[in-house]
Amino acid sequence: MSNEHDDYDYLFKIVLIGDSGVGKSNILSRFTRNEFSVESKSTIGVEFATRSIEIEKKVVKAQIWDTAGQERYRAITSAYYRGAVGALLVYDVTKKGTAITKEIKLISYSLETFADVEKWLAELRDHADSKIVIMLTGNKCDLQHLRSVTTQDAEIYAAKEDLLFLETSALNSVNIDAAFQKVLSVIHEVKRFYGGIFHVFIEQFGCSVHRH
Ligand SMILES: Nc1nc2c(ncn2[C@@H]2O[C@H](COP(=O)(O)OP(=O)(O)OP(=O)(O)O)[C@@H](O)[C@H]2O)c(=O)[nH]1
Ligand SMILES: [Mg+2]
């Protein structure tokens, strides 16, 4: 069914992934309905919602899929990733468990790696298209006093893995639109250059920067 409000030039499927409780469903509700729930329940199965935005005079409709971080509630993996061209890989900046657990050495910089994020990244690389655009998303950046993952560590990790990176707050609407806008713009660019030599210019910003 389509109507005049549903006209779009491109439809891009974006998936949300990350551990249970990191805020995936609230990121989705903030972006698509401008809503936030303090006591949201764990997602069971799959939900999706859409929102259209304009990029370079084209209407781009984002169809955003959200599933449970908890294994037992998760949807069938291959169906979830099928056709996805973008992903927000979400962790909680207050919980090292959702991001970081083991140590590596990186250019004489001692950094604990993002073990849980790594697990999700491996799943993405196993099941999703190799050209999928991934944004590492450090959510709950409003909780500065409880922060345990630094912006700098995440920047280094994102650069190493070639991921876009932003810190967000679904609670305070920080960088939520910017995160989707950026992923959708890069997808749009990748589509235009698809088949040619293309290098995604990686820009990474911490919580305090609101850029579109
Ligand atoms: N302070 C703060 N709390 C948040 C933020 N985003 C989500 N939360 C809270 O974190 C809890 C979990 O959020 P959800 O959006 O349900 O997390 P989820 O990743 O969808 O979890 P699953 O569905 O179990 O995978 C809720 O109590 C939210 O209110 C945020 O940006 N800041
Ligand atoms: Mg959820």
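Which residue takes a positive phi just after α4? Asp162 does, with a value of about 60°. We will meet this residue again in the views below, all of which show a predicted model.

**Figure 1. The whole protein, with five helices and nine strands.**
Let us begin with the full chain before zooming in. Walking along the sequence, you meet the elements in the pattern β-α-β-β-α-β-β-β-α-β-α-β-α-β. Of the 212 residues in the protein, 37% are buried. The chain also brings together residues from far along the sequence: if we take contacts between residues at least 6 apart in sequence, 72% of them join residues at least 24 apart.

**Figure 2. Strand β1 and its two parallel partners, β3 and β4.**
Strand β1 covers residues 10-17. This strand is mostly covered, as six of its eight residues are buried. Seven bridges join β1 to strand β3, which spans residues 58-67, and the two run parallel. Another five bridges join β1 to strand β4, residues 84-92, and this pair is parallel too. Leu16 is a handy residue to find here: Leu16 stands opposite Asp66 in β3 and also opposite Leu88 in β4.

**Figure 3. A closer look at Leu11 in strand β1.**
Is Leu11 buried or partly exposed? Leu11 counts as partly exposed because 14 other C-beta atoms lie within 10 Å, while a buried residue needs 20 or more. Which residues does Leu11 touch, once its neighbours within four places in sequence are set aside? Leu11 is in contact with Lys61 and Gln63. Try finding Val85 as well: Val85 is 74 residues from Leu11 along the chain, yet their C-alpha atoms are separated by 9.9 Å.

**Figure 4. Helix α1, with seven of its 10 residues buried.**
Helix α1 runs through residues 24-33 and is mostly covered. Which residues of α1 are buried? They are Lys24, Ser25, Asn26, Ile27, Leu28, Arg30 and Phe31. As you leave the helix, look for Asn34, which takes a positive phi of about 55° just after α1.

**Figure 5. The surroundings of ligand 1, made up of 23 residues.**
How many residues surround ligand 1? There are 23, and the closest are Gly23, Ser25, Ser42, Thr43 and Gly69. Helix α1 supplies the largest share of this shell, with three residues. Sorting the shell around ligand 1 by class gives six nonpolar, 13 polar and four charged residues. Ser25 links this view to the previous one: Ser25 is among the closest residues to ligand 1 and is also one of the buried residues of α1.

**Figure 6. Strands β7 and β8, joined by four bridges.**
Strand β7, residues 133-139, runs parallel to β8. The path of the chain from β7 to β8 goes through helix α4, residues 151-161, and this β-α-β crossover is right-handed. Within the pair, Thr137 stands opposite Leu166 in β8. Now look at the side chains of β8, residues 164-167: Leu164 and Leu166 point one way, whereas Phe165 and Glu167 point the other way. All four of these residues are buried.

**Figure 7. The buried side of helix α4.**
Which residues of α4 are buried? Asp153, Ala154, Tyr157 and Ala158 are. They lie on the same side of α4 because they cover an arc of only 130° around the axis.

**Figure 8. Two loop residues with a positive phi, Asp162 and Ser173.**
Here we return to the residue from the opening question. Asp162 sits in the loop between α4 and β8, and its phi near 60° is a positive value in a residue other than glycine. Is Asp162 buried or exposed? Asp162 counts as exposed because it has 10 C-beta neighbours inside 10 Å, and the cut-off for exposed is 12 or fewer.

Further along the chain, Ser173 lies in the loop between β8 and α5, residues 176-193. The phi of Ser173 is near 55°, again a positive value in a residue other than glycine. With 15 other C-beta atoms within 10 Å, Ser173 is partly exposed.

Notes: Residues are numbered from 1 along each chain as its sequence is written. Chains are lettered from A and ligands numbered from 1 in the order in which they are written. This is a predicted model: local features need pLDDT of at least 70, side-chain atom pairs count only at pLDDT 80 or more; totals for chains, interfaces and linings use all residues. Two strands pair if DSSP finds at least two bridges between them. A crossover is right-handed if, with the strands pointing away from the viewer, the path from the first strand over the helix to the second runs clockwise. A residue is near a molecule or strand if its C-beta atom, placed from the backbone, lies within 6 Å of it. Ala, Val, Leu, Ile, Met, Phe, Trp, Tyr, Cys and Pro count as nonpolar, Asp, Glu, Lys and Arg as charged, and the others, Gly among them, as polar. The arc is that of the directions from the helix axis to the C-beta atoms. Two residues are in contact if their C-beta atoms, placed from the backbone, lie within 7 Å.
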